[in-house]
Amino acid sequence: MTTLPGDDPLTASDPWQLLEGARTVLAVHAHPDDESLSTGFLLAHLVRSGIRVELVTATRGEAGEVVAGAVDPADPRPLEEVRAAEIDRAVAALGLAARYDLGTAPALAAGAAARRYRDSGMRWIREGLAGPALDASPESFTARPRQEAVDDLVALIEAVRPDLVLGYDDAGTYGHPDHVRAHEISVAACAATAVPYLEVASVGAEAQAFVWRELPEVQPIVLDAVRSYRTQLTVLGPQADGIAIRHVGGQEDLVSARTGLRVLRG
């Protein structure tokens with residue numbers, strides 16, 4: 001595994017320099033499409049740099065809304081199967097080496113029966129604070145015991161043996177409760193396995209807390225990946241600073257070519 005500069009393995013000041021020495025990186029995300037929307041430019045850049053990138057996704061996105069007309073009314077598949085096909089296409093476009101579902105071996109604690117972490121959905125409890133949807137399942141990612149998910153992620157880290165784990169910062173991109181839970185279990189699993197954790201800057205994160213890079217050269221790759229998610233968004237087109245999209249709820253957004261990273265400090 002990669003060793004960071006200095007006596008303390010969590011004292012590196014430049015996460016990009018740390019990435020340059022990595023052979024394998026494990027990315028942790030909450031739902032299908034998060035890997036492309038939150039880290040697509042970064043993951044494509046790492047793959048292009050010769051780094052093996054693997055992905056684990058906590059939920060299958062069962063609670064997501066669907067863009068009108070994106071699924072044929074005659075299609076008998078449940079939404080989670082449709083979204084599984086979408087993430088498989090996106091993973092292939094990005095060039096990722098492997099994809100796992102948390103709770104399914106090898107992302108499953110030794111001796112545990114396979115388990116599914118369902119999409120928690122989201123509602124705004126008050127301004128700036130999100131919580132699970134009112135109808136979230138008892139089997140949802142935020143409702144199941146957190147330690148189960150930590151143990152499952154530890155099992156995967158021990159199987160993959162990544163040099164680094166990559167995931168959300170403590171704000172969880174935009175506050176989605178599943179993203180925040182993914183951050184929490186990633187921090188705990190990395191502490192348990194002594195693997196460094198790199199946090200990706202959330203929307204509105206303070207610039208000085210992260211080290212930023214522009215990665216425009218991989219835009220065509222990310223565009224292909226984002227186009228995989230017909231149920232979740234509409235691609236409006238490439239821009240100088242990223243890829244313009246419209247979410248299923250009608251909000252326009254930018255998949256930014258600019259990525260901020262920081263090393264979790266103990």
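1. Arg161, just after helix α4, takes a positive phi of about 55°. The model is predicted, so local features need pLDDT of at least 70 and side-chain atom pairs count only at pLDDT 80 or more, while totals for chains, interfaces and linings use all residues. Residues are numbered from 1 along each chain as its sequence is written, and side-chain values use heavy atoms, with hydrogens and water left out.

2. Helix α4 covers residues 146–160; helices (H or I, at least four residues) and strands (E, at least two) are DSSP runs, numbered from the N terminus. Its end C-alpha atoms are 21 Å apart, in agreement with the 21 Å expected for 15 residues at 1.5 Å a residue, the expected span being 1.5 Å times one less than the number of residues.

3. The buried residues of α4 (under 20% relative accessible area, 1.4 Å probe, protein chains only) include Ala149, Val150, Leu153 and Val160. Among the elements that cover the buried residues of α4 are β1, β2 (52–57) and α6 (177–193).

4. Thr24 lies in strand β1 (residues 24–29) and is buried, with a relative accessible area of 13%. Thr24 touches Val160, Pro162 and Leu164, among others, not counting residues up to four places away in sequence; contact means heavy atoms within 4.5 Å.

5. Helices α3 (residues 79–94) and α7 (residues 219–226) pack at an angle of about 170°, with their axes 8 Å apart; axes are lines fitted to C-alpha atoms over the stretch in contact, and angles run from 0 to 180 degrees between N-to-C directions. The two helices, α3 and α7, are therefore roughly antiparallel (angles over 145 degrees). Ala90, Ala93 and Leu94 in α3 meet Ile221, Val222, Asp224 and Ala225 in α7.

Technical notes:
Buried means under 20% relative accessible area, exposed over 50%, partly exposed in between (1.4 Å probe, protein chains only). Angles under 35 degrees count as roughly parallel, over 145 as roughly antiparallel, 65 to 115 as roughly perpendicular and the rest as oblique.
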